Amino acid sequence: MSDYLADVQKYDKGADEAVVTKIVKHLGIALRNKDSSLVACSDTKELDRVVEKWCGKKLGVTGDAAEDVVAKVCETMKGDRSKSRVTFYYLVAKELGKLGDLIK
């Protein structure tokens, strides 16, 4: 867990450990596989899944707003070759103002 939190803190020094824990639990088995534990911003199908499943189903944000935030997070993390899915999802939720919704 501390590795996930440390990675998130590279982008958000005040990251909430409870939120990171919720995201890790939500992702579950996907984090066991190296490929599925990372987000590839160059893969449009993967980004579409993030928009649909994470933004739409989990956070309740769809359409251009979701797509714009995912693109913004890709830009924010562009210097990180291996984009952790936990960090990516955290940053998407933060940009959408939905971090508080994850710990309810």
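S42 is exposed, with a relative accessible area of 72%. This residue sits in the loop that joins β1 (38–39) to α3. The structure is a predicted model. Across the fold, the C-alpha atom of S42 lies 9.1 Å from that of C74, although 32 residues separate the two along the chain. C74 belongs to α4, and there takes part in the contact with α5.

## Helix α5 and its partners

Start with α4. Helix α4 (residues 63–76) packs against α5 at an angle of about 125°, and the axes are 9 Å apart. That angle makes α4 oblique to α5. The crossing is right-handed. On the α4 side the contact uses V69, V70, K72, V73 and C74. On the α5 side it uses F88, L91, V92 and E95. Sorted by class, the residues of this contact are seven nonpolar, no polar and two charged.

Now α2. Helix α2 (residues 17–27) and helix α5 (residues 85–95) have axes that come within 10 Å and cross at roughly 120°. So α2 is oblique to α5. This crossing, too, is right-handed. From α2 come V19, V20, I23, V24 and L27. They meet R85, V86, Y89 and Y90 of α5. The class count for this contact is eight nonpolar, no polar and one charged.

## An aromatic pair

How many aromatic pairs does the count come to? The count is one aromatic pair. The partners are W54 and Y89: their ring centres are 4.6 Å apart and their planes meet at 25°, under the 30 degrees that counts as stacked, so the pair is stacked. W54 lies in helix α3 (residues 44–58) and Y89 in helix α5, so the pair ties together parts that are 35 residues apart in sequence.

Are these two residues buried or exposed? W54 is buried, at a relative accessible area of 1%. Y89 also counts as buried, at 7% relative accessibility. Y89 has a second role here, as one of the α5 residues that meet α2.

## Helix α1 and the N-terminal end

Helix α1 packs on α2 at an angle of about 115°, with the axes 10 Å apart. The crossing of α1 and α2 is right-handed. Y4, L5 and V8 of α1 make the contact with E17, V20 and V24 of α2. By class, that contact has five nonpolar, no polar and one charged residues. V20 and V24 are also listed among the α2 residues that meet α5.

Y4 deserves a closer look. Its place is in helix α1 (residues 2–9). Y4 counts as partly exposed, at 25% relative accessibility. Leaving out residues up to four places away in sequence, Y4 touches V20, V24, L31, V86 and T87. V86 is one of the α5 residues in the contact with α2. Y4 also lies 8.0 Å from S84, C-alpha to C-alpha, with their positions 80 residues apart in sequence.

Which helix holds D3? D3 lies in helix α1, like Y4. D3 counts as exposed, at 64% relative accessibility. D3 and D80 are 77 residues apart in sequence, and their C-alpha atoms are 15 Å apart.

E17 is in helix α2. Its relative accessibility is 46%, a value that falls between 20% and 50%, so E17 counts as partly exposed. The C-alpha atoms of E17 and Y4 are separated by 9.3 Å, at 13 residues apart along the chain. E17 and Y4 both appear in the contact of α1 with α2.

## C-alpha separations side by side

The table gathers the residue pairs from the text.

| Pair | Apart in sequence | C-alpha to C-alpha |
|---|---|---|
| S42 and C74 | 32 residues | 9.1 Å |
| Y4 and S84 | 80 residues | 8.0 Å |
| D3 and D80 | 77 residues | 15 Å |
| E17 and Y4 | 13 residues | 9.3 Å |

Notes: Residues are numbered from 1 along each chain as its sequence is written. This is a predicted model: local features need pLDDT of at least 70, side-chain atom pairs count only at pLDDT 80 or more; totals for chains, interfaces and linings use all residues. Side-chain values use heavy atoms; hydrogens and water are left out. Axes are lines fitted to C-alpha atoms, for helices over the stretch in contact, and angles run from 0 to 180 degrees between N-to-C directions. Helices (H or I, at least four residues) and strands (E, at least two) are DSSP runs, numbered from the N terminus. Angles under 35 degrees count as roughly parallel, over 145 as roughly antiparallel, 65 to 115 as roughly perpendicular and the rest as oblique. A crossing is left-handed if the near helix is turned anticlockwise from the far one by less than a right angle, and right-handed if clockwise. Contact means heavy atoms within 4.5 Å. Ala, Val, Leu, Ile, Met, Phe, Trp, Tyr, Cys and Pro count as nonpolar, Asp, Glu, Lys and Arg as charged, and the others, Gly among them, as polar. Rings of Phe, Tyr and Trp (its six-membered ring) pair if their centres lie within 6.5 Å; planes under 30 degrees apart count as stacked, over 60 as edge-to-face and the rest as tilted. Buried means under 20% relative accessible area, exposed over 50%, partly exposed in between (1.4 Å probe, protein chains only).
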